[in-house]
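Me: Got a minute to walk through a helix with me? Here's the model.

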Amino acid sequence: MVCLLALAVGAGSLVRPVKAQSAAINEVRAAFLVNFAKFVEWPPDAFLSDTSPFVIGVLGDDTIAYFLRREINRSKPINGHELTVRIMKPDGPIRSCHVLYVGDLDAKLTDRILETLKNSPVFTVSAMDRFAIAGGVAQLIFENDQMRFAINLPAAHRARLLLSSKLMTLAKSPTQP
C-alpha cells in the first residue's frame with residue numbers, strides 16, 4: 001500500500017509551502033531527507049558500530065548534495081550518529097547508505113538500483129514519478145506549492161525499516177490530495 005504523508009519539516013508544520021523555484025524545492029527536499037532519518041528506525045546491523053556515521057547518499061543529483069550539506073550543518077546527530085553526505089555512483093557502495101536519494105535517472109537504471117537494494121536497510125527516496133510504486137520507500141511530491149511524500153510500506157518492511165508512529169499518524173489516503 002502506498003500512502004500519501006505529510007512530514008513535519010519545521011516546528012509545528014505538517015506540510016511545508018514552497019514556491020516553485022528550483023533552489024527552494026531542493027532546500028525543502030534536503031530538509032525532508034534529514035527529517036526522514038529522525039522518523040525511521042534502522043535494524044542494528046545497518047551500522048558498523050554505535051558511533052559510525054549516518055550516511056545520506058545522493059545518486060544522480062549533486063545539487064541535492066549541496067543543500068543536504070547545508071541542512072546537516074544545522075542538524076544534530078541522530079541516535080548518536082553524526083550525519084554525513086556521500087555522492088554515490090550506481091555501481092558504488094550504495095548499500096552503505098542509510099538514506100539514498102535517487103535523482104532523475106532513467107527507468108532501467110532506477111529499477112536496477114531498487115532491485116539491488118530490495119532487502120537492504122536503505123530508505124530510498126526520489127522525486128521521480130511513480131518511484132514509490134516502482135519499489136522505492138518514499139517519493140517526494142511537489143503539488144499545490146507544498147512538498148508531500150508517498151510511502152511504500154511493503155518496501156519499507158522489506159528493507160527492515162521501522163517507521164515511527166509519529167510519522168504514520170500523518171498518513172493520508174492515497175486518494176486525498
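Reply: Sure, one rule beforehand: the expected span of a helix is 1.5 Å times one less than its number of residues. Helices here are DSSP runs (H or I, at least four residues), strands likewise (E, at least two), numbered from the N terminus. The model is predicted, so local features need pLDDT of at least 70 and side-chain atom pairs pLDDT 80 or more, while totals for chains, interfaces and linings use all residues. Residues count from 1 along each chain as its sequence is written, and side-chain values use heavy atoms, without hydrogens and water.

Me: What should the 12 residues of H2 span?
Reply: Residues 62–73 should span 16 Å, and the end C-alpha atoms sit 17 Å apart, which agrees.

Me: Which residues of H2 are buried?
Reply: Ile64, Ala65, Phe67, Leu68, Glu71 and Ile72. Buried means under 20% relative accessible area, exposed over 50%, partly exposed in between (1.4 Å probe, protein chains only).

Me: What covers them?
Reply: The cover includes helix H1 (22–38) and strands S4 (54–59), S5 (83–88) and S6 (99–102).

Me: New topic: is Ser75 buried or exposed?
Reply: Buried, because its relative accessibility is 19%. Ser75 is in the loop between H2 and S5.

Me: What does Ser75 touch?
Reply: Leaving out residues up to four places away in sequence, Val34 and Leu83. Contact means heavy atoms within 4.5 Å. Also, a polar atom of the Ser75 side chain lies 2.9 Å from the backbone oxygen of Glu71.

Key: Polar contact = N/O pair within 3.5 Å; in protein donor to acceptor, adjacent residues only side chain to side chain.
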